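Good morning, and thank you for making time for this presentation. I would ask you to keep the sequence and the structure in view while I speak.

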Amino acid sequence: MSQLPTQPVVKRREFLKVLGSAGAAATAVGCSQERVEQLIPYITSPDHTVPGVSTNYSTICRECSAACGVVAEVRDGRAIKLEGNPAHPVNRGALCARGQAALQGLYNPDRYRGPMVREGSQLVPATWEVALQRVRQQIAAVRVAGTGRGVRFVSQHESGSFGGFVDQWMAAAGFGEHLAFDPEADLAVRAVNQAEYGSASPALDFAAAQLIVSIGADFLDGWGSSVSQQLSFAAARARLAVAPRFVYVGARRSLTGLNADEWIACRPGSELSIANAMLAALIGGGGPTLAEAATAAGVSEAALQAIVDVLRTTRPSLVLAGVGTPDAHLVAQTVARINKAVGNVGPTVKPADGPVGLGATVGAQAMGALAAEMNAGSVPMLFVRGANPVYSLPRVLQFAEGMQRVGFKVSFSCYPDETAELCDVVLPDNHTLESWGDSEPVAGTLGLQQPVMDPLFNTRAAADVLLDLARGDAAMASRFSATSYRDFVMARYPGGREAFAQALAGGIGSGSTLTRAAPAPAMLRTTSAPLTGDGEFYLIVHPSPVLGAGAGANKPWLQELPDPVSKIAWQSWVEVHPSTAARLGIRPGDHVTITTPAGSVTAPAYLYLGIHPEAVAVALGQGHTAYGRYAQGIGINALDALGATVDGAGRLAWTQARATVSKAEGRSPLVTTEGSARQHGRGIARAVTAAQLAAGEARQDAHHEFIGDASHEFLPGLRAPVANDAQGDLGDPASGSKGMYAPDHWSGMASRRWAMTIDLARCTGCSACVTACYAENNIPTVGARWQGRSLRPFHNANSGWDTTPGANILKGREMAWLRIERYFEGGEDGAADFETRFLPMLCQHCGNAPCESVCPVFATYHAPDGLNVQVYNRCVGTRYCSNGCPYKVRYFNWHGYGEVERRQYAFPEPLNLQLNPDVTVRGKGVMEKCSFCVQRIRDAENLAAQEGREVAPDEFTTACAQACPSRAIVFGDAASEQWSVSRQVEDQRAYHVFEELNTFTAVVYLQKVNHPGGPR
Amino acid sequence: MSGRRSWVLVSGFLAITIAALGLSAYSGASSSQGFAPPQPVDFPHPRHVQQLGMNCLYCHYAANKSPDPGLPAVGTCMGCHNIIPPTRSEIEGFAPRNAAAIAQLLLFAPQGTPAEWQPIPWVRIHKLPEYVHFPHMRHVNAGVTCQTCHGPVQEMQRVYQYASLNMGWCVNCHVKGYKLADGLLAAGDTAGAQAAANVEPKKARYDCAVCHY
């Protein structure tokens, strides 16, 4: 007999007993006292604030040079939301995604907590005294050596007095040049504008134009003051049947290009001959003929002729140039002459109304000269603030190598970026939301920047540090009387402190910023320069509309925001034309290597109709080797393949080289949120032509007749989506008590019908609404490399974690309650022009919702005021509702992104300080979706009750509608004629997505209006 | 042990567990009703409210204008206690006093040295789950007395959680309505309660999304 044990050591019954009692104990502990929390009061209550009630502060956004006015909502000392300042002349209440994400710069978990000094190869934390002492010593040493003229200060785009202040400081110290380096600024256009119009950045009035022609000017992507341009462009589109036709000339269809009615896909580098030919055709004189230009550009002569014909006969029009080739200045010059010739200066190009002080910015040429000086060892000391030249310049300029030869480098960076990492001392600046400053959006008008909260960390405003250094320096002390930059700004203000304090609340004052000592933008070279290299393709590099030239990459909202064109997030990609891809055997996601004389980059391919077949395109913004956990190690930096070629004003030529393109080893699935780029006849995003609209043919029929619409009689609402509330009994006219669903119920809830209209004629697909939704509703980002769960946890060497950036998105687990769908129409053969339609898709708050009837626990149901409600604490996560939803707008919280103890936690400290206290942070296993910003509805109701009145028409709106720089979204009570939305739903362009499903949606879309060519 | 007997035991155990869970849920055992933690300062509500006649809103100053009622800043306490020390000899008919609570307060806020004051880490008693939004001001402005939900705080030497704060407890009031007379009675205003005897109960919306979002 074998000796196998017959008696287990622990009997099964005993094991179960132990298990049972342990479970009971755990339950008892779990149910007893909750975690003890503390309530920490103030020492002294601050004036003018009430705990739990927001205080709004007007200030300025500094994410790009446009300097939009923002209002920061501050709750209990923490900024929780940024919205546009309605009174600001630039953005008039709207704000782009990048501006809104400034909050994630403020609360970035990788911000420097305090000063850092270099010990050997590392930066280590230090006190301000130690760090400043080192700087003072070095300044003294430079003085002794007599090399002060070689000291350089590199700052970012400076659209305020700070630039002039630094000029003064450098001069007082006896130091050399101050370079404000903005890689995104279109210096060529600014220089030409200065010369031709007398203003570097004239205001552009799209709404007044009868025809808009853009030669590479991506005015919706970040070229110039994109929010104000978008407001104006949307106003132009809102003229509907008589809106201006928009023609885009360029080798790549950017977001701006996708909004055009016609795309003239010219060969890269041929823009100049097109512009010259158009000018020659308009005013005579020398220059190529249209036929010659058309041949050189590979486009049809008739298309160019049509533009010229309209330019000649229809006034005013608006012609813009913004190409990235070495000839950018010449294209801009020709275009300026076209505008002058056809009388656009004044009506649509308004030199008197533009922002002031954007001029004295330098590009790669000046920075390359600095790098050469540094490499030659003639720069003893370098200050860097805001800019990140080590990342933002092509490698061939050897800026990083030059840094090694600079005696002492001081960074004022908030973040551990590539440049700061190479510095000897880091004196972290306050974030812009913690700083004082100003800007001049229109000549004579001052935008005021104030701190909206106390500094989060042990940081100091760079300007205050400079003043501090000046005070301790015998040579400089007498030059600066102000003890802080706040005093400096106030002292400059007309009327002094009191007038300043009065203007501060509105964020707008009168006055002018300090002018820079640097000269106005000017042409440095007037000759043409060819594209270099001898490859088969042209490489087009362009700033990302989301990440800019790279500064946005450390903000998870922006990483998670799909690129408006490609719908790709957390990744770099190479745009290849489908016909080219077919020729080279490239499938989507295949790695592609682009080689130029300057270097090469490799990234997965994205097949894109909107790129010239002879070109490939890569966006800037990714490929960081530092800059914090969200930016580092994602994608590639396209600058690695660019040489030092600049345009005539010294900005890096983004399209400068021919390249060879080859298929590389490997494949990466594209992290895209797109299901299909085509509608497959589903009629989701609809459009009419201007002619159809004018003829009254836009109306979609059969809105009014619905069978089985039981609750139609007693509930007010939109003409179609009348709430079929409460799933049965209460919706039945024969039922007795309808409770709160009865229109005459004392609660009055059923008298409202919250609804939304989205005007696709206005929507440009910019995605500002998406970020607004993330900010307002505590939506987690899920794409960071540590958040990815492997689908096969036991087969993965990495113990169940998938560290591919965007791994969760690849599985369709993104959480965007509001997404922008982008559909292409036509051009299937890859040769013809195609049309693009953008459609913001969110919960449609169906009156007859398929999700509601399948929920086993009533976690989703229809509220009497028309909301499709999701009750998180009822939800048990069956996901039946998501299966039932035809719009796919319900998002399941797979991994507990809101739970601090999880690796997937989306709000690592201090990002959690941004969370909106009015919205639940959802836990694992809960379905979530757009709530129509129910917290804002309740807030408005609370405020109205507090003031003893009804909610006033259009008193509040949702976060997406508030942010929209196209003013495409209107929200309100469709049951009341007083609200704008109830007029909007009567528009003849109104339709419901998937109307045939009888979902009776509360979101009504207004069809896009197309302006095909031909006579008008 | 026979197979049948073990099955009886298992199902019996299950039945008892389910019954216990059900009972505990029904009785509100999952609530922290009655929670009365010791506080860093033994603040005597009765002395301040009943003897000195202070209004709740003097300290909980945001209760009528914010979702959060607000806690008194240390400066609010010291507005009086800068001149009211822990010990006092007999004056004008008042017995001498040795108030330990004031001594505790002064540990956080030494008299006359505001720069050294520290916030008092009060232990939170009333806490709704984070998926519930309770706007204090709507209730206070509707005439709901503080004592309706918080109980006779004016008599509590140490504050405890009076009501269960469970959802059923909330909804009961929203559906049936708040009787002003009951609220005034709870606040100790007998005369007011009598005068308000015929006031209609005030109802409130009870849709889920009024509180849960």
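**Two sheets, two helices and one interface**

I begin with a pair of strands in chain A. Strand S19, residues 445-449 of chain A, is joined to S20(A) by three bridges, and the two run antiparallel. Within this pairing, A:Leu446 stands opposite A:Gly509 in S20(A). Please bear in mind throughout that this is a predicted model.

The pair belongs to an open sheet of three strands in chain A, in the order S18-S19-S20, with antiparallel pairing. At its edges are strand S18 (437-442) and strand S20 (508-510) of chain A, each of which pairs on one side only. From one strand to the next, the twist averages 40°.

Let me turn to another sheet in chain A. This open sheet has four strands, in the order S12-S11-S10-S13, and the pairing is parallel. As a general reminder, strands of a sheet pair through backbone hydrogen bonds, either parallel or antiparallel. Which strands form the edges here? They are strand S12 (262-265) and strand S13 (318-321) of chain A, each pairing on one side only. Neighbouring strands of this sheet are turned by 15° against each other on average, direction ignored.

Looking at one pair within the sheet, strand S10, residues 211-215 of chain A, pairs with S13(A) in the parallel sense over four bridges. There, A:Ser214 stands opposite A:Leu320 in S13(A). Helix H9, residues 271-283 of chain A, packs on this sheet and touches S10, strand S11 (245-250) and S13 of chain A. The direction of H9 makes about 145° with that of S10(A). Helix H12, residues 328-341 of chain A, lies across S10 and S13 of chain A and runs at about 170° to S13(A).

I now come to two helices of chain A, beginning with H5, residues 161-173. At 1.5 Å a residue, its 13 residues should span 18 Å, and the end C-alpha atoms are indeed 18 Å apart, so expectation and model agree. Is this helix mostly covered or mostly uncovered? H5(A) is mostly covered, with 11 of its 13 residues buried. Among the buried residues are A:Phe162, A:Phe165, A:Trp169 and A:Met170, and also A:Asp167 and A:Gln168. The cover over these buried residues includes strand S7 (152-155), strand S8 (178-180), S18, helix H16 (462-471), helix H17 (474-477) and helix H18 (485-492) of chain A. S18 of chain A is thus part of that cover and also an edge strand of the antiparallel sheet. Just after H5(A), A:Gly174 takes a positive phi of about 75°.

The second helix is H7, residues 226-237 of chain A. At 1.5 Å a residue its 12 residues should span 16 Å, and the separation of its end C-alpha atoms, 16 Å, agrees. Of these 12 residues, 11 are buried, so H7(A) is largely enclosed by the rest of the structure. The buried set includes A:Leu231 and A:Phe233, together with A:Gln229, A:Gln230 and A:Arg237. The buried residues of H7(A) pack against strand S9 (203-204) of chain A.

Next, the partner chain. Chain B has 11 helices and three strands. From the N terminus on, its elements run α-α-α-α-β-β-α-β-α-α-α-α-α-α. What radius of gyration does chain B have, beside that of a compact globule of 213 residues? Such a globule would be near 17 Å, but chain B has 23 Å. Its C-alpha atoms fill a box of roughly 80 × 50 × 35 Å along the principal axes. Of the 213 residues of chain B, 20% count as buried. Among contacts in chain B between residues at least 6 apart in sequence, 67% join residues at least 24 apart.

Finally, the interface. Here 38 residues of chain A are in contact with 39 residues of chain B. On the chain A side, helix H1 (12-31), strand S1 (38-39) and helix H27 (934-946) each supply at least two residues. H27(A) gives the most to this side, with five residues. By class, the side of chain A that touches chain B has 23 nonpolar, 13 polar and two charged residues.

The two chains also share a strand pairing: two bridges join S1(A) to strand S3, residues 122-123 of chain B, and these run antiparallel. In that pairing, A:Leu39 stands opposite B:Trp122 in S3(B).

Technical notes: Residues are numbered from 1 along each chain as its sequence is written. Chains are lettered from A and ligands numbered from 1 in the order in which they are written. This is a predicted model: local features need pLDDT of at least 70, side-chain atom pairs count only at pLDDT 80 or more; totals for chains, interfaces and linings use all residues. Two strands pair if DSSP finds at least two bridges between them. Axes are lines fitted to C-alpha atoms, for helices over the stretch in contact, and angles run from 0 to 180 degrees between N-to-C directions. Two residues are in contact if their C-beta atoms, placed from the backbone, lie within 7 Å. Ala, Val, Leu, Ile, Met, Phe, Trp, Tyr, Cys and Pro count as nonpolar, Asp, Glu, Lys and Arg as charged, and the others, Gly among them, as polar. The expected span of a helix is 1.5 Å times one less than its number of residues. A residue is buried if 20 or more other C-beta atoms lie within 10 Å of its own, exposed if 12 or fewer, and partly exposed in between; C-beta atoms are placed from the backbone. The radius of gyration is taken over C-alpha atoms; the globule rule is 2.2 Å times the number of residues to the power 0.38.
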